[in-house]
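Grab a coffee and open the structure in your viewer. Here are some exercises to work through, each with a solution you can check as you go.

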Amino acid sequence: MSENFKLKLGQKLKLVREKLGLTLEKVAAKLEFENYQTLSAIENGLRNIKAEELARLSKIYFRDITFFLNLDEEEETNDLVFWRECKNMGQAKEKEQEFRKYCYNYYELEKKLGLPYQCKLNPLDLKADDFDYGKIEEIAEQNLNLMQLGSRPACSLRKILEEKYNLKILYYDLGNCGSAASSVGNFGAAVLINSSEPLWRRNFDLAHELFHILTWKIFRHDDVHTKDNEKSLVEKWADAFAASLLMPATEIPKEFKARLDQEGKISLVDVISIAKEFEVSTVALMWRLVTLSLLSRNTVEKVLALHEFVEIDRVERINHNKTAPDFSEKYVSLAFQAHAKDLISKGKLAEFLNITIGDVSKKLAGYGYCLEEISDAKLTPA
Amino acid sequence: MQSLLLPDADVIIGLHELGYWDQVVKLAKIHVASSVIGEVKHYWKLEKQIPIDLSKMVADGKIIKLEGPPEKQSELLQQLRKYNLHTCLNAGELESITIIYCEVVPELKFCVRERPAMKVMACLDMREQAVSVEQVLRDCGILKRKENIPGIYSQIRFERIFLEGTFIQVESD
């Protein structure tokens, strides 16, 4: 290996590691090196890196191996990521890079297949001073109609955002890092949802992140993330937007009134059933009912404190907690198409799906794709 | 004389699924790219996951581990840019083709069934250093004259894809 290659590759590896906030010791342990000095020697151009070590480092650093092998390729611009309820920004750096990796994978598949990759959502043409809760309600209603989300928006939101508006939606277990994140970059716009959250929470997170995408150029990073970890006003507006979008002011009162008994009261079970129907949390629905002047704040606070209510809600929803897919149907479809059209190998497809080569057929079968039968088939036009 | 083979990860898994792997290891001299060892973990048979431990086979001397130097991989990638094939392979495939390209072991042949990898080989004028699974099985005497294997491993498909790869090469040059 030439000295120049060794040195340049080492510098690149060091830069990426430091950017992820990883120590030499931590990475050396992941590589199963006996000590961190070996990795240090690689980074300083004093030791040749082996091919398998580079392949493993690429995975640890969430980069494609070609990024390291092409020494002239610059690190992608530092795409900003907005986190929701991030409890540990240190840990979040690795998750951020994993998020970026899949955003760029998505983008690469779209490019290879000649499909548009830019997000088709129109950014809001407003200034920060224009926002208040009334304005948020108005924006949510406009988007509800514009996107044709229907009377139960949560049921269609994900599919419409992904299929019609090219918003990249990714799911994976974020652990304690946060509930969700969003980013806009060269790849387009993307939202990351914590797959370990229940369905209604994921729906709310998606709608919340949609607000950030729509207002990406209006609010700065500091407006969203406060230094004292208190919920910022922008975050509260994003919550209000999500509530208004998923529980429309035109639909919720209808359902609420239809369930009132002869005395003009509604049972807790009925409230829970409305929440299930709209695929939102019962707590979010309760507060929405306050906003819509259908319940008093005092009543809601009392109900939410009831152990009995929490238990009914939990039991009622136990079978309603569908787990999130690892990848969206669109992402898997793009990856499958790219492979079927010879644009990526099966090994690369496995990388895109974050599985081993031996699991590709089984994984695709789970999404309704048959690898072997379609790959060779070609049709002759009439 | 034993054939010198460098099977791709997907071929190793395929040979396990077909039940020919152990015979091929006995009858040919098998080499594997170092990155491929980490890529091949298991295969599935009748809904059962069966592990594959290539590291142990290397340690037992049954197969030979080879290294495709990263610098040479980098040079190869530069060449593939011309054909817009530089992002279609994973680490194991890129390393395997580098091993063949640099002639780390003379007479070594890349046993491959993946179309992008075959097209890369065609563009680099490396048709003679590649071999189909069917050809390997026939050369080893495992597959008899009238026996067939699934189409994805066949010699006919292999030749057809190489021809397609040659068209890419001609168009790009």
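The exercises below go from whole chains to single strands and helices, and they all concern a predicted model.

**Exercise 1. Get a feel for each chain.**
Work out what secondary structure chain A and chain B contain, and how much of each is buried.

*Solution.*
- Start with chain A: its secondary structure comes to 20 helices and four strands.
- Its C-alpha atoms fill a box of roughly 85 × 65 × 40 Å along the principal axes.
- Of the 382 residues in chain A, 38% are buried.
- Now chain B, which has nine helices and seven strands.
- The C-alpha trace of chain B spans about 45 × 35 × 35 Å along its principal axes, and 45% of its 173 residues count as buried.
- Finish with the contacts that have a separation of 6 or more: residues 24 or more positions apart account for 67% of them in chain A and for 69% in chain B.

**Exercise 2. Check chain B against a compact globule.**
What radius of gyration would a compact globule of 173 residues have, and what does chain B have?

*Solution.*
- For 173 residues, the expectation for a compact globule is a radius of gyration near 16 Å.
- Chain B has 16 Å, so the value agrees with that expectation.

**Exercise 3. Put the sheet of chain A together.**
Use the strand pairings to find the order of the four strands in the open sheet of chain A.

*Solution.*
- Take β1(A) (residues 81-84) to begin with: four bridges join it to β3(A), and the two run antiparallel. To see this in the viewer, find A:Val81 opposite A:Ser183 and A:Arg84 opposite A:Ala180.
- Next, β3(A) (residues 180-185) is joined to β4(A) by six bridges, again antiparallel. A:Ser183 has A:Ala190 as its bridge partner in β4(A), while A:Gly185 stands opposite A:Gly188. These two strands form a hairpin with two residues between them.
- Then β2(A) (residues 168-172) runs parallel to β4(A), with five bridges joining them. Here A:Lys168 has A:Ala190 as its bridge partner.
- String the pairs together and you get the order β1-β3-β4-β2 in chain A, with mixed pairing.
- The edges are β1 and β2 of chain A; each has a single partner strand, so one side of each lacks a neighbour in the sheet.
- On average, neighbouring strands of this sheet are turned by 15° against each other, direction ignored.
- Helix α9(A) (residues 199-214) packs on the sheet and touches β1, β3 and β4 of chain A; its direction makes about 30° with that of β3(A).

**Exercise 4. Buried strand, buried helix.**
How many residues are buried in strand β4 of chain A, and which ones are buried in helix α1 of chain B?

*Solution.*
- In β4(A) (residues 188-194), seven of the seven residues are buried, so the strand is largely enclosed by the rest of the structure.
- In α1(B) (residues 9-18) the count is seven of ten, so that helix is largely enclosed too.
- The buried residues in α1(B) are B:Ala9, B:Asp10, B:Val11, B:Ile12, B:Ile13, B:Gly14 and B:Leu15.
- Carry on just past the end of α1(B) and you reach B:Gly19, with a positive phi of about 85°.

**Exercise 5. Find the hubs of the largest nonpolar core.**
Which residues touch the most other members of this core, and which helix gives the most to it?

*Solution.*
- The core has 144 residues, and those touching the most other members are A:Phe241, A:Leu246, A:Val280, A:Leu285 and A:Ala335.
- The helix that gives the most is α11(A) (residues 233-246), with nine residues.
- Zoom in on A:Phe241: leaving aside neighbours within four places in sequence, it is in contact with A:Ile136, A:Ile139, A:Ala140, A:Ala207 and A:Phe211.

**Exercise 6. Describe the contact between the chains.**
How many residues does each chain put into the contact, and what sort of residues does chain A use?

*Solution.*
- The contact takes 32 residues from chain A and 38 residues from chain B.
- On the chain A side, α1 (3-19), α4 (51-60), α5 (65-69) and α18 (346-352) each supply at least two residues.
- The most come from α4(A), with six residues.
- By type, the residues on the chain A side divide into 13 nonpolar, eight polar and eleven charged.

Conventions
Residues numbered from 1 in each chain as written. Chains lettered and ligands numbered in written order. Predicted model: local features only at pLDDT ≥ 70, side-chain atom pairs only at ≥ 80, totals over all residues. Rg over C-alpha atoms; globule rule 2.2 N^0.38 Å. Buried ≥ 20, exposed ≤ 12 C-beta atoms within 10 Å, placed from the backbone. Contact = placed C-beta atoms within 7 Å. Pairing = 2+ DSSP bridges. Core = buried A, V, L, I, M, F, W, Y, C linked by C-beta atoms within 7 Å. Nonpolar A, V, L, I, M, F, W, Y, C, P; charged D, E, K, R; others polar. Axes fitted to C-alpha atoms, helices over the stretch in contact; angles between N-to-C directions.
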